[in-house]
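Work through the exercises below with the sequence and the structure open beside you. Try each task on your own before you read its solution.

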Amino acid sequence: MTQHDPALTLAQRLAEQIRARLIAGELKPGQRLSEAALSDDLDVSRNSLREAFRLLTKEGLLRHEPNRGVFVATPSMASIIDIYRVRRLVECRALEQAYPEHPAVIRMHAAVEAALKCREAKDWVGVGSANMAFHAAIVDLADSTRLNAFYGQIAAELRLSFGLLEDPEFLHAPYVDLNATILEQLKAGKSVEAARALEAYLERSERTVLAAFARLGEVG
């Protein structure tokens, strides 16, 4: 993801930390955030935390309910469809034009290795986090700091959509080997084939997440 920027305000840095927790799957859709507990955990004032909450609410990652508090947002069907549309545009293009010796390929490899270890340990949340790292590395192939920053928000929304599934193994297990295959295609100089495989992969993932959303009985 993006490197830490010393020019960011405290609220922006706090928002970045909370966003990272969303991407890691530590916060779930609909979860109420305790202002007291989080300010203690992050060692910041409640005023600074509230400003970070406001920033993340503007991004659609949190929602504020009067007299009730701040909650982690639950993605809508429309937002899930849009997230995957953006992913296909960004990730597939970055992969298609990638150089096999790009430094981000090393991070893709590390993410695949981490996912394999987590799969062996039946740590499916860990597999999900490794998968997020793999796709962030694909975006890094484009060498765009702006694109990386944009994808950080998309990644947080994406992880929230994953949180709609009660069985993380069902979602993440098939993609461990698919990630490994895409990586091998890229390393072999077959970037176009890798991009095509990724597009089919993302369509499959989207169908899985949308089916989980439909089972909630909500209207997007």
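The exercises that follow concern a predicted model, and each task is followed by a solution in steps.

**Exercise 1. The domains**

Task: State which domains the domain assignment gives for the protein chain, and find how far apart their centres are.

Solution: Begin with the assignment, which gives domain 1 as residues 10–72 and domain 2 as residues 77–218. Next, take the centre of each domain over its C-alpha atoms; the centres of domain 1 and domain 2 are separated by 25 Å. Finally, look at the contact between the two domains, to which domain 1 gives eleven residues and domain 2 gives twelve residues.

**Exercise 2. The largest nonpolar core**

Task: Find which residues of the largest nonpolar core touch the most other members, and explain why this core lies between the domains.

Solution: The largest nonpolar core has 60 residues, and those that touch the most other members are Ile18, Phe53, Leu95, Met108, Phe134, Leu141 and Leu198. As a second step, ask which element supplies the largest share of this core: helix H9, residues 191–215, does so with nine residues. The third step brings in the domains, for domain 1 (10–72) and domain 2 (77–218) both give residues to this core, and therefore the core lies between them. There is also a second, separate core of six residues, among them Ala115, Val127, Ala130 and Val176.

To see the surroundings of one member in detail, take leucine 141 and set aside its neighbours within four places in sequence; leucine 141 is then in contact with Ala94, Leu95, Ala98, His102, Ala104, Val105, Met108 and Leu186.

**Exercise 3. Helix H8**

Task: Compare the reach of helix H8 with its expected span, locate its kink, and say what covers its buried residues.

Solution: Helix H8 runs over residues 168–187, which makes 20 residues, and from its first C-alpha to its last the helix reaches 29 Å, close to the 28 Å expected at 1.5 Å a residue. Following the axis along the helix, you come to a kink of about 30 degrees, which is centred on valine 176. Valine 176 is also one of the buried residues of H8, together with Leu171, His172, Tyr175, Asn179, Ile182, Leu183 and Leu186. The elements that cover the buried residues of H8 include helices H4 (77–96), H5 (104–120), H6 (124–140) and H7 (145–162), as well as H9.

**Exercise 4. Cysteines and a serine**

Task: Decide whether cysteine 92, cysteine 118 and serine 48 are buried or exposed, and describe what cysteine 118 and serine 48 touch.

Solution: The cut-off needed here is that a residue is buried when its relative accessible area is under 20%. Cysteine 92 has a relative accessibility of 8%, so it counts as buried. Cysteine 118 has a relative accessibility of 17%, so it too counts as buried. The structure holds zero disulfides.

Cysteine 118 lies in helix H5, and, not counting residues up to four places away in sequence, it touches Asp123, Gly126 and Val127. Serine 48, placed in helix H3 (residues 46–58), is buried because its relative accessible area is 17%. With residues up to four places away left out, serine 48 touches Leu10, Ala11 and Leu14.

**Exercise 5. Loops and positive phi**

Task: For aspartate 43 and asparagine 67, give the value of phi and the place in the chain, and decide whether each is buried or exposed.

Solution: Aspartate 43 is not a glycine, yet its phi is positive, at about 60 degrees. Aspartate 43 is found in the loop between helix H2 (35–42) and H3, and its relative accessible area of 68% means that it is exposed. Asparagine 67, also a residue other than glycine, has a positive phi near 65 degrees. The place of asparagine 67 is the loop between strand E2 (62–65) and strand E3 (69–72), and with a relative accessible area of 86% asparagine 67 is exposed.

**Exercise 6. Distance in sequence and in space**

Task: For glutamate 101 and lysine 187, set the separation in sequence beside the distance in space.

Solution: Glutamate 101 sits in the loop between H4 and H5, and it counts as exposed, with a relative accessibility of 58%. Along the sequence, glutamate 101 and lysine 187 are 86 residues apart, whereas in space their C-alpha atoms are 7.4 Å apart.

Note on methods:
Residues are numbered from 1 along each chain as its sequence is written. This is a predicted model: local features need pLDDT of at least 70, side-chain atom pairs count only at pLDDT 80 or more; totals for chains, interfaces and linings use all residues. Side-chain values use heavy atoms; hydrogens and water are left out. Helices (H or I, at least four residues) and strands (E, at least two) are DSSP runs, numbered from the N terminus. Buried means under 20% relative accessible area, exposed over 50%, partly exposed in between (1.4 Å probe, protein chains only). Contact means heavy atoms within 4.5 Å. A nonpolar core is a set of buried Ala, Val, Leu, Ile, Met, Phe, Trp, Tyr and Cys residues joined through side-chain atoms within 4.5 Å. Domain bounds come from an automatic or database domain assignment. A disulfide is a pair of cysteine sulfur atoms within 2.5 Å. The expected span of a helix is 1.5 Å times one less than its number of residues. The bend at a residue is the angle between axes fitted to the seven residues ending there and the seven starting there.
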